[in-house]
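Thanks for coming. I will keep this short and stick to the geometry. Please have the viewer open.

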Amino acid sequence: MSDQQYRDHGWLGNEIERILEFYYPDCLDDVHGGYVAQFDEATGELYDHDTKHLVATARFVTNFAVADQLGGPEWCRPAAERGVDFLLDVHRDSEHGGFHWLLDGTEPVDSRRVCYGHAFVLLALSRAAEIGIGRAQSELGSVSDLIDERFWEADYGLCASEYDPEWTSADSYRGQNANMHTCEAMIAAYETTNETRYLDRAITIAESLTVDLTAETDGLIWEHYTADWGHDFEYNRDDPTHTFRPWGYQPGHQIEWAKLLAVLDRYADASWLLPRAEELFDAAIEYGWDDDHGGFYYSFDLDGEPLVNDKYSWEVAEGIGAAAVFTERTDDEQYLDWYSRFWTYADEHLIAPVNRNWYTKVTEDNEPMPTTEGVAVEPGYHPIGACLEGIRSLS
């Protein structure tokens, strides 16, 4: 495909629709409500009809709301509404407050209170509120208040990661990933409401994580921390492919933070945002991009050497989004070149040729890896976000 096509709003909107059509309507659970996310990426077949992860539910809502906002198919809005209802009526714990992490049908099987999941609930409600879904509009503030009351650690300008189901004790682990997505959700809440408290919170998290804590790591963002926000270089050292907490530096998170800082630069008068964003973009390319086969290595070690050589599609999607925002914020042609380069790689290696859904990961030399029949949390959220940022930035 041509570079110009990747910048075309109609093409980008169509890509969003094609991704959703891979899941819809089979993702609608007419027995329990909500959605089903466990699809085989090669065949499109469902392999688990009952498991419902909080992150997957919230991401489905986000995806359908974004598509509706962009003028997508008429079924997007009711699909988003059903997800909002399921989040608030089933995932939410009416006794203790907060949201269950994992359900079997409608029954909670893991009720840990996880900041990462609550951040995605806030993101989902923000996107749903933006298209006028009433329950999302009325509950957005209360979910933000919950995050503030339960997870926020003002002394550090960051959020704790996890509590037990009754909110009686916090896990000692602290992580950047939950804070990154809390920052993302706060930006979305600001875009929806124009309330500066959300923007202020996003900037505080961003500066704490990408400036203050990286002073000890040569500007690179580490994943894991102790209870007092000291770098923990041993946590999950023997588990570099953990779903949510892998060991090692992740190029994808360097570039995802670069995108968020550049988005914040749209709204905030803070001179450090764009230079810091460009440093993180450059670091992701320097340490993570495979010049021989294309794609980002999943992670690299403390010496800057590739650690997990598999290529995960979400990292490239975040690269697309970052390059699009940088094109808008800097007018530097190199970012438009990277935007096209990322899309070309995705088209050739990450996107299924028939259904246009994205594979989760490929090998180092770009062979698609079979779907692992576990709990799914990524129903096209990252590539849809890449398309959205292309539309917003390349106008």
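I will go through the core, the cysteines, the unusual backbone spots, two threonines and then the strands.

One caveat before that: this is a predicted model.

Start with the core. The largest nonpolar core contains 131 residues. The ones with the most contacts inside it are Phe-64, Trp-257, Leu-264, Phe-281, Tyr-339, Phe-342 and Trp-343. Take Trp-343 as an example. With residues up to four places away in sequence left out, Trp-343 touches Tyr-6, Trp-11, Leu-12, Ile-320, Ile-351, Trp-358 and Cys-387. Keep Trp-257 in mind as well, since that name returns when we get to the threonines.

Next, the cysteines. How many disulfides are there? The count is zero. The cut-off here is 2.5 Å between cysteine sulfur atoms. Cys-27 is in no disulfide, and its nearest cysteine sulfur, in Cys-76, is 10 Å away. Cys-27 is also buried, at 0% relative accessibility. For Cys-115, the closest cysteine sulfur belongs to Cys-159, at 4.3 Å, and that is too far for a bond. Cys-115 is buried too, with a relative accessible area of 1%.

Now the backbone. As background, most residues other than glycine have a negative phi, and most peptide bonds are trans. Here are some spots to check against that.

The peptide bond from Tyr-24 to Pro-25 is cis, with omega near 5°. Pro-25 sits in the loop between helix H2, residues 9-23, and strand E1, residues 38-39.

Then there are two residues with positive phi that are not glycines. Asp-218 has a phi of about 55°, and it lies in the loop between helix H8, residues 196-212, and strand E11, residues 224-225. Asn-236 also has a phi of about 55°, and its place is the loop between E11 and helix H9, residues 251-267. Are these two buried or exposed? Asp-218 is exposed, at 79% relative accessibility, whereas Asn-236 is buried, at 18%. The cut-off for buried is under 20%, so Asn-236 at 18% counts as buried.

On to the threonines. Thr-210 is in helix H8 and is buried, at 0% relative accessibility. Where does its side chain reach? The side chain of Thr-210 reaches the backbone oxygen of Ala-206, at 2.7 Å. Beyond its neighbours within four places in sequence, Thr-210 is in contact with Ile-221, Trp-257, Leu-261, Trp-272, Arg-276 and Leu-280. Trp-257 is one of the core residues listed earlier.

Thr-214 is in the loop between H8 and E11, and Asp-218 is in that loop as well. Thr-214 is buried, at 5% relative accessibility. A polar atom of the Thr-214 side chain lies 2.7 Å from the backbone oxygen of Thr-210. Not counting residues up to four places away in sequence, Thr-214 touches Leu-209, Gly-219, Leu-220, Ile-221 and Arg-276. Ile-221 and Arg-276 are also among the contacts of Thr-210.

Last, the strands. Strand E12, residues 297-300, and strand E13, residues 306-312, run antiparallel and are joined by three bridges. Tyr-297 stands opposite Lys-311 in E13. Their hairpin has five residues between the strands, and within it Gly-304 takes a positive phi near 85°.

E13 also pairs with strand E14, residues 361-362, in the antiparallel sense, over two bridges. Which residue of E14 is the bridge partner of Lys-311? That is Val-362. Lys-311 therefore has Tyr-297 opposite it and Val-362 as a bridge partner in E14.Elsewhere, three strands form an open sheet in the order E3-E4-E5, with antiparallel pairing. Strand E3, residues 51-53, and strand E5, residues 107-110, stand at the edges with a single partner strand each, so one side of each has no neighbour in the sheet. The twist averages 35° from one strand to the next. Strand E4, residues 102-104, is joined to E5 by three bridges, and Leu-103 stands opposite Pro-108 in E5.

That is the end of my list.

Methods: Residues are numbered from 1 along each chain as its sequence is written. This is a predicted model: local features need pLDDT of at least 70, side-chain atom pairs count only at pLDDT 80 or more; totals for chains, interfaces and linings use all residues. Side-chain values use heavy atoms; hydrogens and water are left out. A nonpolar core is a set of buried Ala, Val, Leu, Ile, Met, Phe, Trp, Tyr and Cys residues joined through side-chain atoms within 4.5 Å. Buried means under 20% relative accessible area, exposed over 50%, partly exposed in between (1.4 Å probe, protein chains only). Contact means heavy atoms within 4.5 Å. Helices (H or I, at least four residues) and strands (E, at least two) are DSSP runs, numbered from the N terminus. A polar contact is a pair of N or O atoms within 3.5 Å; within protein, one must be able to donate a hydrogen and the other to accept it, and residues adjacent in sequence count only if both atoms are side-chain atoms. Two strands pair if DSSP finds at least two bridges between them. Axes are lines fitted to C-alpha atoms, for helices over the stretch in contact, and angles run from 0 to 180 degrees between N-to-C directions.
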